[in-house]
Structures are given as structure tokens and as C-alpha cells.
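Thanks for making time this morning, everyone. I'd like to walk you through one model, so please have the sequence and the viewer open while I talk.

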Amino acid sequence: MTALLEVEDLRVAYGKIEAVKGISFSVEAGQVVTLIGTNGAGKTTTLRTLSGLLRPSGGRISFDGKPLAGYPAHKIVALGLAHSPEGRHIFPRLSIVENLRLGAFLRTDKAGIEQDIERAYDLFPILRERSKQAAGTLSGGEQQMLAMGRALMCQPKLLMLDEPSMGLSPIMMQKIMSTITELKSRGTTILLVEQNAQAALSLADQGHVMEVGRIVLSGTGEHLLHDESVRKAYLGED
Amino acid sequence: MNELPQQLANGLALGALYGLIAIGYTMVYGIVQLINFAHGEIFMIGGFGALTTYIGLPSGISLFVAIPLMIIGGAIASVGVAVLAERFAYRPLRGAPRLAPLITAIGLSIVLQQLVWGWYPDAKKARSFPEFTGESFKILDNLIIQRADAFVLVLAPLCMLALGLFVSKSRNGRAMQATAQDPDTAKLMGINTDRIIVMAFAIGAAFAAIAAVVYGLDKGQIQFEMGFILGLKAFTAAVLGGIGNIYGAMVGGVVLGLAEALSIAYIEEIPGMQQLGGGAWANVWAFVLLIVVLLVRPQGLLGERVADRA
């Protein structure tokens with residue numbers, strides 16, 4: 001059986017500088033897979049390439065059995081690959097409910113969309129309270145909730161989350177991480193990029209450590225969490 | 001006799017014309033941050049498209065039938081040119097430094113003027129345009145509204161209303177707002193942003209064609225260079241109102257139109273300013289107003305201060 005997402009020898013370059021230097025990994029349906037690593041390791045570049053915002057310079061990506069190479073971003077969403085970008089990128093001057101509706105831009109089932117908006121509100125009740133408010137007025141953590149809720153609105157087969165805990169207070173970070181755990185328990189397939197390696201590895205089935213454009217270490221979340229070099233480099237232990 | 005009502009009406013009609021053209025600058029700027037300096041020529045081409053349509057109609061046709069057809073013909077020409085310009089001149093430069101498309105726009109503006117000058121029959125001098133005939137509307141003793149002015153005063157608000165509804169309520173309109181606010185993220189929602197950009201160019205061009213018909217009906221003639229100064233004024237209106245904001249374009253147009261009309265009528269009555277009044281100075285006062293407004297509100301009347309990205 002083939003995985004939902006298969007990445008083979010993916011390369012991405014900005015001009016002459018190669019940011020991703022041939023990485024391979026896969027995500028099985030129902031799994032949570034995490035990419036960890038320092039700034040500049042190529043994690044965000046990898047996600048932006050998978051969602052079509054960047055063009056790969058080499059390698060193969062197949063999603064749900066179809067090759068993705070050369071697809072523009074707006075067609076990749078249609079295949080069921082949602083991307084909640086780094087820095088949240090909610091639409092600041094649109095209301096919360098309008099942001100959620102844009103997440104369902106390609107859907108035509110009105111009743112289903114309303115139902116999923118309710119689900120997003122159940123997941124993040126604060127969004128219901130503020131549904132008519134401009135999204136730019138939300139706090140960072142609330143914006144992150146909105147970005148995740150919006151990404152879920154297209155009923156993705158794979159949800160890509162880029163640094164969902166970045167810049168958040170410890171309490172908000174915990175809330176976001178517990179939401180990801182909840183999504184996992186509902187069977188959502190997730191590709192998670194995180195700087196908070198501890199939190200990411202504790203909930204991931206599979207983890208990959210990236211360094212300057214390469215995957216240098218792979219294993220189960222559990223395994224990486226106890227790996228000595230990972231502990232030293234990313235979990236702040238001597 | 002108090003001539004203020006008349007001056008206000010003149011200013012409003014002129015402002016509505018500026019506003020209709022300003023929409024094109026503001027929509028394109030709002031989405032791709034490009035000052036489309038060729039938009040004045042898109043307006044001019046709308047006028048020649050309308051004239052061509054009129055010439056093709058049977059003679060003696062009522063203007064009430066002809067005008068809608070002229071607007072359609074003008075819009076086909078202006079939208080066609082705008083869409084081609086976007087596709088072949090601007091799109092290849094997307095992602096290039098901003099100066100490149102700006103210079104392209106200026107070049108394109110010259111090219112379009114020269115094409116009309118060289119290729120359109122008899123366009124080297126002004127071509128006469130059908131004029132509204134018949135009575136003006138006498139509202140008050142001191143307020144008479146010409147038919148062309150009445151036409152734009154009714155049409156411009158209707159166009160704005162339709163555009164406002166389109167942008168805020170329709171699916172494509174929301175996609176347009178999303179693209180304006182964050183193009184990459186809009187793509188992640190499944191929005192084909194290339195199509196939205198073309199749409200912004202097309203809507204602006206259609207509004208410019210309407211404005212060109214209004215202008216031709218009012219002046220009774222059109223010229224290949226008419227887009228230059230009117231384009232500049234409309235661009236000023238867009239900046240005055242807050243570029244990127246569609247209502248700002250109309251508000252800026254009206255404020256500019258009123259400022260011109262009132263300065264023509266009243267500046268020379270101020271003691272010591274006799275030399276600085278009248279039509280010759282209208283443009284000066286219009287730009288003085290622009291400078292004053294931008295000193296106080298750099299983002300324009302309805303513009304939003306662009307917040308730093310979080």
C-alpha cells in the first residue's frame with residue numbers, strides 16, 4: 001500500500017542557493033509526522049513546496065496516488081492538501097466567519113460548510129464569540145486557532161501545520177498542542193513543522209530531523225524523543 | 001444670484017467622472033500594488049471603442065438606445081486591451097522589482113496613445129462624439145443640470161453600489177479581498193489569483209469605458225491624448241481617497257471635483273487672489289488639496305494605515 005504523501009529526493013532552490021537538498025519521507029493516512037530542526041533547516045520551504053507556493057527544482061512528490069509536480073497551489077488544495085502557513089496569515093480585514101468560509105472556497109455544499117463552521121467553533125469556542133470581528137483584532141493565539149480552523153474547512157486529507165506554536169504564550173501553546181492531539185485522535189492526518197521539538201515529538205508517530213536542507217535523522221516520535229543527539233541539539237539538554 | 005448650488009453640481013459631476021476612472025487605479029493597486037499608468041489610455045480606448053460602435057449603428061438612432069450599446073462597445077475595447085496588457089506586459093514581470101512594471105506601464109501608455117493616433121481613422125485631431133441634445137434639467141433658478149451631468153450623477157452611484165455589492169457579497173468578490181490582503185494565502189484557499197487579477201483589471205477597464213462615454217457625451221469630442229490629464233487626475237483622486245479602497249476612489253474623485261469647481265468660482269473673489277482664480281488655476285488648487293490631505297492623512301481619506309505584518 002502506498003502512503004498518502006510520498007516525497008522522494010525533493011530539492012528546492014532559491015536562485016542558485018539550494019534550501020532543500022534532496023529529502024525523502026512519507027506520511028501514511030492517519031499518521032502525525034513532524035519535521036523538526038533549527039531555523040533555516042528547510043522545513044518551511046518543504047511545506048511551501050508541497051502546497052505549490054514554491055516550485056521544486058528536482059525530485060518527486062505524490063499525493064493520494066497522483067504526482068504533484070508542476071501543479072499550481074490553488075489546484076493542490078482541491079486535491080485535499082491544506083496548509084496552515086507559518087505566521088498564521090489570517091485575512092486581517094475580513095471577519096472570522098469570512099476567514100472560515102474562505103477556507104471552504106472550493107466547496108459547494110452549503111449545508112456541509114455551515115456544519116464545519118460549527119465544528120471549528122466547537123474546537124475553538126472563542127471563534128464563535130468573536131465570529132463577526134475582524135480577524136486582525138484577534139490575539140496571536142486566537143489567530144492561530146483561526147488559521148487551523150480555516151485550514152480544516154476544506155476537509156483536507158492531509159493537514160500541514162507550520163509552526164503553530166510560534167510566538168505564543170505557554171498556556172496558548174499548550175492549548176494548540178492539545179488541539180492537535182485531539183485532531184489526531186479523530187484520525188486527521190497531519191504533517192507538523194515545529195520548533196518546539198519536545199511537544200511535537202511527544203505526539204508524532206514519525207519524526208524527521210532536518211539540518212541545512214537534509215534529513216539527518218528519522219524515527220518514531222518516541223524514539224527521537226529519547227535519542228541522545230536530539231536531546232542535546234533540540235531539547236536543550238547537556 | 002447665488003451660484004453655489006450650480007458650482008456644487010458641476011463639481012459633483014466632474015468628481016463622479018474622476019471617481020469612475022479612479023476605480024481602475026485603485027482596484028489594480030489594491031491587488032498587485034501596481035500603479036497602472038496606462039489606465040488613462042485604457043479610458044481613452046474605451047472612448048474610441050464607443051465611437052466605433054456609434055458609427056456602426058444606423059444613423060438617426062435614439063441616444064437612449066445608442067448609449068448602452070456604446071458603453072458595451074467601449075467596454076469590449078477597453079477590457080480587451082487591459083486584459084492583454086495584464087497578460088503580456090505585467091504578468092511576466094510579477095515578482096520583478098516594482099520599478100519594472102511601473103516603467104512598463106508608462107511605456108505601454110505611450111504605445112497605446114501612438115497606436116490610436118496612427119491607426120484610428122482621423123484620430124490625429126479630435127473626433128466628434130455624439131452629444132446629448134435636448135433640454136437641460138432646471139432644478140432651481142440657480143441650478144441647471146446638463147443632461148450629460150445628470151447621466152453621470154445617476155450612473156456613478158449605481159456603478160459604485162454594484163461594485164460594492166460584488167466585492168462584499170459575491171464569491172469572486174471575497175476572493176478578490178483575500179487576494180488583496182494576502183495573495184499567497186489566498187492561493188492556499190484554492191483561489192486562482194491570476195484569474196482574480198485579470199478580473200480587477202477588467203472591472204477597472206469597464207468603469208473607464210463608462211467614464212469615457214460620459215466624457216464624450218459631455219464634450220462632444222474625444223482625442224487620443226485625453227487619457228493623460230484625466231488619468232492623472234483620477235490617479236490623484238484614488239490617492240486622495242486612499243488608494244486600494246474602492247469607496248475611497250469615489251470619495252477622492254468627488255472631493256477633487258468639488259475642489260476644482262469651487263476654486264474656479266471663488267478663489268478669484270478672495271481679495272488679493274484675483275490672479276490665482278479661474279479655470280487656468282484649477283489644476284493647481286486640485287494638487288494643493290492633494291498635498292494638504294496627504295500631509296495630514298498620508299494614507300488618504302479612507303485609506304487604512306498599513307499595519308506591520310505580525
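Look at residues 247-267 of chain B: that span is 95% helix and 0% strand, and its end C-alpha atoms sit 29 Å apart. Please keep in mind that this is a predicted model. In UniProt, an unreviewed entry marks residues 247-267 of chain B as a "transmembrane region". The same entry gives that label to other spans of chain B, including 12-32, 39-57, 63-85 and 97-120. Take residues 97-120 of chain B: here the model has 88% helix and 0% strand, with 35 Å between the end C-alpha atoms.

Staying with chain B, let's go inside. How many residues does the largest nonpolar core have? The number is 171, and the residues with the most contacts inside this core are Leu17(B) and Ala211(B). Helix α8 of chain B, residues 193-219, gives the core its largest share, 18 residues. If we set aside sequence neighbours within four places, what does Ala211(B) touch? Its contacts are Leu17(B), Leu20(B), Ile21(B) and Phe43(B).

One backbone oddity in chain B, for those of you who like Ramachandran plots. Asp122(B) is not a glycine, yet its phi is positive, about 60°. You'll find Asp122(B) in the loop that runs between α4 (99-119) and β1 (127-128) of chain B. Is Asp122(B) buried or exposed? It is exposed, as 8 other C-beta atoms lie within 10 Å.

Now for the contact between the chains. It draws on 15 residues of chain B and 20 residues of chain A. On the chain B side, α6 (171-181) and α7 (183-188) each supply at least two residues. The largest share there, five residues, comes from α6(B). Sorted by class, the side of chain B that touches chain A has six nonpolar, five polar and four charged residues.

That brings us across to chain A. Chain A has ten helices and ten strands. Its radius of gyration is 17 Å, close to the 18 Å that the globule rule gives for 238 residues, so chain A is as compact as a globular protein of that length. Along the principal axes, the C-alpha atoms of chain A fill a box of roughly 45 × 40 × 35 Å. Of the 238 residues in chain A, 46% are buried. As for contacts in chain A with a separation of 6 or more, 64% of them link residues 24 or more positions apart.

Let me zoom in on a sheet in chain A. It is an open sheet of four strands, in the order β2-β1-β4-β5, with antiparallel pairing. Which strands sit at the edges? They are β2 and β5 (66-67) of chain A, each pairing on one side only.

Follow β1(A), residues 5-14, and you can see both of these partnerships. With β2(A), residues 17-27, β1(A) pairs in the antiparallel sense over eight bridges. Two pairs to click on here: Tyr14(A) has Ile17(A) as its bridge partner, and Leu10(A) stands opposite Ile23(A). The hairpin of β1(A) and β2(A) has two residues between the strands, and Gly15(A) takes a positive phi near 60° there. With β4(A), residues 58-63, β1(A) is also antiparallel, joined by five bridges. In that pairing Leu5(A) is partnered by Phe63(A), and Glu8(A) stands opposite Arg60(A).

Next, helix α1 of chain A, residues 43-50. Seven of its eight residues are buried, so α1(A) is largely enclosed by the rest of the structure. The buried set includes the charged-by-name residues you might want to click, Lys43(A) and Arg48(A), along with Thr45(A), Thr46(A), Leu47(A), Thr49(A) and Leu50(A). After α1(A) comes Gly52(A), where phi is positive, near 95°.

I'll finish on a second non-glycine case. Gln155(A) has a positive phi near 50°, and its place is the loop between α6 (140-152) and β7 (158-162) of chain A. With 15 other C-beta atoms within 10 Å, Gln155(A) is partly exposed. Thanks for listening, and I'm happy to take questions.

Conventions:
Residues are numbered from 1 along each chain as its sequence is written. Chains are lettered from A and ligands numbered from 1 in the order in which they are written. This is a predicted model: local features need pLDDT of at least 70, side-chain atom pairs count only at pLDDT 80 or more; totals for chains, interfaces and linings use all residues. The radius of gyration is taken over C-alpha atoms; the globule rule is 2.2 Å times the number of residues to the power 0.38. A residue is buried if 20 or more other C-beta atoms lie within 10 Å of its own, exposed if 12 or fewer, and partly exposed in between; C-beta atoms are placed from the backbone. Two residues are in contact if their C-beta atoms, placed from the backbone, lie within 7 Å. UniProt positions are given in the numbering used here, feature names are shortened, and annotations may be inferred rather than shown by experiment. Ala, Val, Leu, Ile, Met, Phe, Trp, Tyr, Cys and Pro count as nonpolar, Asp, Glu, Lys and Arg as charged, and the others, Gly among them, as polar. Two strands pair if DSSP finds at least two bridges between them. A nonpolar core is a set of buried Ala, Val, Leu, Ile, Met, Phe, Trp, Tyr and Cys residues joined through C-beta atoms within 7 Å.
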